[in-house]
Amino acid sequence: QVQLVESGGGLVQAGGSLKLSCAASGRTFSSYSMGWFRQAPGKEREFVANIGWSSAYTYYTDSVKGRFTISRDNAKNTVYLQMNSLKPEDTGVYYCAAKFSLSGRAYRMTDEYNYWGQGTQVTVSS
């Protein structure tokens, strides 16, 4: 069992920045590919970013490329999402997720992940 806890969400004006954190339990954090997803009310959950067991493997949805950066610190069992130049359409509940994987492939689908956090709200005002 892996437990994930997100933090760092909040209210920010368009053009501002936020950094989300996701702390994971367990002793095998480095064996998991980690993802960030977001969901607006009434909308389906959307892939945002993914980082493999090696930080050399990162993937982003097109709408956030150049603005968001995913990273991980295995010593702290934590994955981060740095969000810059935020837009109102970035608003939603952000979830981190974990999938056991020793490969560097991308995982972009919700049903590929084994564990999910509770989510943290991000609101970007106009």
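Is cysteine 22 buried or exposed? At 0% relative accessibility, cysteine 22 counts as buried. Here, buried stands for under 20% relative accessible area, exposed for over 50%, and partly exposed for anything in between, using a 1.4 Å probe and protein chains only. Before we go on, please keep in mind that this is a predicted model, in which local features need pLDDT of at least 70, side-chain atom pairs count only at pLDDT 80 or more, and totals for chains, interfaces and linings use all residues. Residues are numbered from 1 along each chain as its sequence is written, and side-chain values use heavy atoms, with hydrogens and water left out.

Let us stay with cysteine 22 for a moment. A disulfide is a covalent bond between the sulfur atoms of two cysteines. In this model, a pair of cysteine sulfur atoms within 2.5 Å is taken as a disulfide, and the structure holds 1 of them. The partners are cysteine 22 and cysteine 96, whose sulfur atoms lie 1.9 Å apart. Cysteine 22 sits in strand S3 (residues 18–24) and cysteine 96 in strand S9 (residues 92–100), so this pair links distant parts of the chain, 74 residues apart. Strands here are DSSP runs of type E with at least two residues, numbered from the N terminus. The link is right-handed, with 50 degrees about the S-S bond. Like its partner, cysteine 96 is buried, with a relative accessible area of 0%.

Now follow S3 into its sheet. Strands of a sheet pair through backbone hydrogen bonds, either parallel or antiparallel. For this model, two strands pair if DSSP finds at least two bridges between them. An open sheet is formed by 4 strands in the order S1-S3-S8-S7, with antiparallel pairing. Its edge strands are strand S1 (4–7) and S7, each of which pairs on one side only. On average, neighbouring strands of this sheet are turned by 15 degrees against each other, direction ignored; for such angles, axes are lines fitted to C-alpha atoms, and angles run from 0 to 180 degrees between N-to-C directions. S3 and S8 run antiparallel and are joined by 6 bridges. To find one place where they meet, look at leucine 18, whose bridge partner in S8 is methionine 83.

On the other side of S8, you can see S7. These two strands run antiparallel as well, with 6 bridges between them, and serine 71 stands opposite tyrosine 80 in S8. S7 and S8 form a hairpin with 4 residues between them, and asparagine 77 in the turn has a positive phi of about 50 degrees. In a regular strand the side chains alternate between the two faces of the sheet. S7 shows such an alternation: Phe68, Ile70 and Arg72 point to one face and are buried, while Thr69, Ser71 and Asp73 point to the other and are not.

Next, turn to strand S4 (residues 32–39), which is mostly covered, as 7 of its 8 residues are buried. S4 runs antiparallel to S9, joined by 8 bridges, and serine 33 stands opposite lysine 99 in S9. S4 also runs antiparallel to strand S5 (residues 46–51), with 5 bridges. In the hairpin of S4 and S5 there are 6 residues between the strands, and glycine 42 takes a positive phi near 75 degrees.

Arginine 38 stands opposite glutamate 46 in S5, and this brings us to charged pairs. Side chains of opposite charge can pair when their charged atoms come close. A salt bridge is counted when a side-chain nitrogen of Lys or Arg is within 4 Å of a carboxyl oxygen of Asp or Glu, and the whole structure has 5. In one of them, the side chains of glutamate 46 and arginine 38 meet at 2.9 Å, N to O. Arginine 38 is buried, with a relative accessible area of 6%, whereas glutamate 46 is partly exposed at 32%.

Another salt bridge joins aspartate 90 and arginine 67, with the closest N and O atoms 2.8 Å apart. Aspartate 90 lies in the loop between strand S8 (78–83) and S9, and arginine 67 in the loop between strand S6 (58–60) and strand S7 (68–73), so the pair ties together parts that are 23 residues apart in sequence. Aspartate 90 is buried at 0% relative accessible area, and arginine 67 is buried at 10%. Salt bridges that share partners join Arg38, Glu46, Arg67 and Asp90 into one network.
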